[in-house]
Every structure is written in C-alpha cells, then in structure tokens.
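Colleague: I am new to this structure. Please take its interior, meaning the spaces and the packing inside, and go through that part closely.

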Amino acid sequence: MTTDQSNATDVPAEATGQADPADRDATGTDAATTNGSGPTTNGSGHTKATDRSEGAGQPDQPRTTVGPDATDQPDADGATEGRDKTGTGTGSTATLVEPAVIDLGVVERNTSASGTGSRPPWWRRTWPLRRPAASSGEQLREPTGTDATDQPDAEPADRWAAFAPAPEPVPGRLSRVTRVLFHEWTLAGLASLVLAVVMTWPTLRYPAHTIPQDIWDPTLQAWQMSWSGHILLTNPALLWQSNAFYPESWSFAFSDTLLGYAPAGMIGNGPVAALVRYNIIFVLAHALATVGAYALVRQLGAGRIGAAVAGVAFAYPPWLLSQAGHLHVISNGGIPLALAMLARGHGWSLRHGFRPERKHAGWALGGWLVAAWQLSLGFGIGLPFAYLLAGIVLVASVTWFVRRTWFWPERRPLGVRLLLADFWGAVIFAGIGVLLAIPYFRVAELHPNARRTVGDLALYSPPPSGFVVAPQESLVWGRLHDAARAGLPWAPENTLLPGFVLYALALAGLLFSIWTIRQRLLLLAGVLVSAILTMGTEFFGGRFSYLPLFEHLPGWDGLRTPGRLMIWTTLLLGIIAAGSVSAFAERARDISAAERIPPRPGPLLRLATLLPLVLVLAEGLNSTPTPIVPAQPAALRTVDGPILVLPSDQGTDQHVMLWSTSRFQDVVNGGSGFTPESLAQARKRAEAFPDQESVDYLRGLGVKTVVLLKNRVAGTPWAGAADMPAEQFNIRREDSGDTIVFHLDGN
C-alpha cells in the first residue's frame, strides 16, 4: 500500500535532517521522527524508512494528517520536540527524551499534528535562542491549551523579538504617586512654602489680629482685596466705583489695586477675614517669588543649587524688607515665573540657546497669562515689566528674522501653534493692560494733583550709597547701618542692599561660571543699566536715564519711586551668582567622579555647595514688626451710609476702609497715594462739627451718619465735639461705647 501523494513534500537534500543520537532508545532504534525525514517508529515498534521523493512508494499503512499543515506554525529546529506521536498501527505512544538544549525563540514548525510534514529550506528558517536544559533526563510534554497549529491564520511572532530590550515596567499607582511627590518641582514648591513661613515669621502667629510692618498701608491693601472680591460677586460693573472716597468716582484706581488677588477676596467677610487673607497672601507671595526665580534660572541652564541661591536671593534680599508694608511690591514672583514659562515655550535657554525641538505652545501661552496676572496686581511693578516684555518681543523678532534669512543654514520656523499662542497671549496681555489703564487715565484727568512731579522723584531717588545700606528691618545689618540710614533722603525707599553675599557670588560669577564670557558681560550690562535707572535723578540728574522715560513713556510718570526697580538688579545679580554656584557644584561632581559610580560629591563637598545658599538666607533674616490692628468699632457693623468717621486723616481713614468690609457702606474717608480735593474739603469743612455750617455741608454731600472715635480725638479739632449739643441741628446722638454716632437725618 502506498501513501497518498497529496501529503508528500519535496525537500531539498541539504534540508533533510537525521535523528540525533540522543533520541535513540536503548536498543539503538530511533525514538521519534526527526523532521519527517528519518526513520519512523510504527505502532509495533519496528523501524521503517520513509521515501522523501515525490510519488515514491510508502509503507503498507497510509497516514492521515490531522488539522492544518504543521508548517503554518514553526517549531524549534524544525523538530517535533515535546509532542507525543501516535502510530497508525496499534496506537501506542512514544515518549521523547529532552534534547541537550531547549528552544526559547519562535521557529517554524515542520511536522503536522500527526507527526508528518517537511522541513523548510535553510533560507526560511528562524534560528532560536538556546539555553542548556535543566536536566538531560527531563521529559518534554505536550503543552496544555490550544496548540498554535490550531490557528492557521495567526501571524508568526517577530523573529527578532528575542533580541529586543526588556520592555519598560508599567508604573503602578503607588509608583506614580511617589514620582509626583518626589519630583523636582513638587519639592521646590513645598520647600519654598515652608521657607516662606519661616522667613516671614511671626506673620502667621496671630493672623487674625496682627499685620506685617505697620498698620497703615497694609490695612489699605487688605481692604483692596476684600473690595475686589466682594464687588465681583455682587455687581462687577461697579468695580472701579469703590465704597471709599464718597462721592468720588473711579476711586478704586487711586492706588495699585491688587486686582489679581480678587479670587482670594471672595472668601470670608469682615475685617478679621481681611486680615487673615492678607497675612496668608503675604506669605504665599514670598513663596511664589522663590519658585518663580528658581524656575527661571533652571530654564536658563543653571543647576539646582545655583537656581536655589538665585531664588532665595530674589525673594529675601535685605532691601525688600523695607517694602514689607507694600504687598504689591512683595508680589513680584509672577515676573520671573512668566519669563521662565515663555523661555520654555520657545525652547530657549541662556546656556543652550534656541532648541526648536523643545518649543511648546502651551507653555508660551501660560507665560503670557501669568504676565497678565502680574500686571493686574499693580502698575508700580507691572509697568516696567510690560515695557521689558515689549522690548524682548521686538529684539527677539528682529534677531530671529535676520538669522533665519541670512545666517541659519536651514529655516527654523517657530510653528503655527507657537505663533498663534504668542499672538493670542500678547493680545490678552495688552488687552488687560489697556483695560486696567483706562481708570488710571481717568483719575489723572479728574485729579491733576495725582500726577507725579520731578520734585517727587528727587525725594525717592536713592544715592549710590544706598546700594550698601540695609533697612532697619534687617536682622543682620539693621542696627549696624543706623548711622548710614540717617544720611539718606528717605530711608524706606533708599536702602537698597541686595546682600553682601550676593555681591560676592556675582563677582565670582564674572570670573568662574557656567555662562560664557559674552553672556556674563551682557548680564553685567543689565545690572548696571537697572542700577542706574534705580537711582532716578541721582545719576547726573536723571537727564540721560530716568527722566526721558518719565517724560515720554505712557504711564511712566505715575512711578514716583525709582528705587523699586531694584527688583531687576537683584534678579540679574542672582542669575550671575547662579552661574558661579553651578560651576562650583559641577566641579565638585567632577572631583568625585573618579571615586564613585554614579558620581556623587562627598559629604564635605556637598556641604560646601550648600554654604552659599545658607549665607544668602542668613542675610535675608528679618526683624519686621507685626503690630496689632485696631479692632473694628461695633457701630460700623450696624450704621447706614454714607458715613463720615472723625477724626479723618491718612492713617485713620485706612483703618476706616478696613472696618467697612463688614457691609461696605459708602464712606467719605479714604487713604491712597494722593488726597482728592473733595476729601480735603470735607475734612476742612467738618473741623467745627457739630455746627450749622458743617451739618449743612455734610447733608449736602448726602452723608447720613457721622461716627466720632472717642479714643482718637485728643489733639485734633474734634477734641470737644463729644461735649457739643447737637439737638438744635435736628441731629440724633447715640453713645455706643468708644464711639458717638450722630444721625444727620434725625431718625
């Protein structure tokens, strides 16, 4: 009997394998069929040869192939390893003994499920990986489950998969949380927050009763945040028509508004909530300044230690301690943060230049939004920042166009998305700037006395000696510089010491730095220019420096304190200092590289790299007072407005504004950078209150209630007002503890 020729396969002679000696049994016969080409064992145990030629005769019993042809699924070395074979005679099964190696790769299977098939030619084989067998006597068993040969449509696995690197492990939920918690920016944010609490202590010791620096301007700014949050929730159209300075219009624009903090102003109500809010924002402003400067210097290319030095030098310089009562000056962290985000979005750093592959439109748009938020905090700091951004955009646009056209060997477009982000970001920034500027221009038109003069500049312009004099709030240098401060025209605005340690690190950065020499010279030029502008009229009368800006740039004439431009000098000094500290840290790692793998500085070198950070922080320690804010009189929680509170002066009126945050009644009182004519006249006409003339005048203004503060009238024109009869003027008088309330409407 012959075998059906449909199961016969032509195999080249060189592709025909022989049975391995290890596959023979003790009697010397083959234990299994090898690749369908060697001797086969029938059910009776006799050995018979299989003719491989097409159409050749076959043994007596025909064989049937079960399932698809076995060549659809390759096997190791073309052998039927690990599969039981059933003969066609008696049905007995021969068990294979494990060969010397076990195949790990995926190769073409050369036999059918019934034990027949053919071996592919050598050019179609896939050579597997091999490993020594665990035991030469171990038996190979048929794997459980569906055999791969039962799925003829399945594509074979990639033959090179065994040589690929191990796949990256998929992080679990705990790993992802840990990665976020220990990320550089998470640690930087938490460290900045903790540092802010420590460096501003005791601001948060009694936040409901005390306020940093003094009880004058800070109480005004606490009212500003409360008013913006309150009116945006109730009637946003009246934002600029505040309840103070009644009956003036645009009164919210009499000072920098801190409008960017309006969301915080929506939380809580009353003077206590206003104080807690102010103290928390005061601490957070320092934290943001640290993070913002750190992010900028890191983006420019400095190391972590260098960026940390720049961050704390920017947030805690000695000169800024004298500005603790001006939250709009303390709130400068949006400046470096916006610059960092814009630089990151455009793929630019000082150390590596422009890298187009790193540009990101989202970061650029975010930078413009942060810049717009910074501008909303006040023009005193925001206006120079706006002009700087305009200059950067102009210079960068011209430089990019020139290099793209004549110098770069290939075109480097920024991309449509980035250009759109810049366009819309600049539109938003400019739009917010214009909307915020309109009320201030209206105030300048209605109140000519609000304009600053060159005489105002002379008082607030610091001399060159101011750059080495610390304010009295400095814990380290305050008392030592008492005599030097006495010789300054206006010490609170003329003490501009950024720190002697920062000076030393910046000087070292000019000699030893990660920045190139050209970059160092440019940074030094920026320091000199900003320092000259900071001096105002003290640098050759300001004719070639500050006065041209004051006279010709829109809005610049509203800036009477040039010394606050020291923000830019401090930031540039911090960048130069970061270059030297980063270079020192890199050198420390290089010294340890030969001793450790991976290279890590030794304990002493690690401590040495932290020394500049510790010294900069030490110079920023403060002795800023935190006085108790006068409590709100009970009458101001119940009386109706409009109200005039006597005595009325700059300091008392700022307290009255804070006390009005319970109900936001209209009050004639108000404190700001200037005194409007209506308020000055009201104070003068009310000096003889209560008399017929003053009562008639106040009624003509629409005032319904006059509140006299008993504990503040000593030494003022109203010292005897408490003893004056008022019934003859149709006034109802009401004693209320420490106040006397006069109801002008008689009710």
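Modeller: The answer below covers the open pocket, then the closed cavities, then the nonpolar core.

This is a predicted model, in which local features need pLDDT of at least 70, side-chain atom pairs count only at pLDDT 80 or more, and totals for chains, interfaces and linings use all residues. Residues are numbered from 1 along each chain as its sequence is written, and side-chain values use heavy atoms, with hydrogens and water left out.

The protein chain has 22 helices and 12 strands, these being DSSP runs numbered from the N terminus (helices H or I, at least four residues; strands E, at least two). Of its 747 residues, 47% are buried, that is, under 20% relative accessible area with a 1.4 Å probe, protein chains only.

The largest pocket holds about 2,200 Å³ of space. A pocket is an open set of points on a 1 Å grid over the protein atoms alone, with protein on both sides within 12 Å along at least five of seven lines; a cavity is a set where a 1.4 Å probe fits but cannot get out, and lining residues have an atom within 4 Å of a point. Points are joined across faces, edges and corners, and a volume is the space filled by probe spheres set on them. Of the 47 residues lining the largest pocket, Trp-348, Ile-392, Val-393, Val-395 and Ala-396 lie nearest its centre. Helix 10 contributes the most to this lining, with 13 residues. Among the other elements that supply at least two residues each are helix 5, helix 11 (416-446) and helix 18 (566-593).

As for closed spaces, there are six cavities of 30 Å³ or more. The second largest cavity contains about 160 Å³ of space. It is lined by 19 residues, with Phe-282, His-286, Leu-321, Asn-622 and Thr-624 closest to its centre.

The largest nonpolar core has 150 residues, and Leu-327, Phe-689 and Val-706 touch the most other members. Helix 5 (residues 271-300) gives the most to this core, with 15 residues, and helix 5 also supplies at least two residues of the lining of the largest pocket. Such a core is a set of buried Ala, Val, Leu, Ile, Met, Phe, Trp, Tyr and Cys residues joined through side-chain atoms within 4.5 Å. Outside its neighbours within four places in sequence, Phe-689 is in contact (heavy atoms within 4.5 Å) with residues including Leu-646, Val-706, Trp-718 and Phe-742.

Technical notes
Buried < 20%, exposed > 50% of the residue type's maximum accessible area, 1.4 Å probe, protein only.
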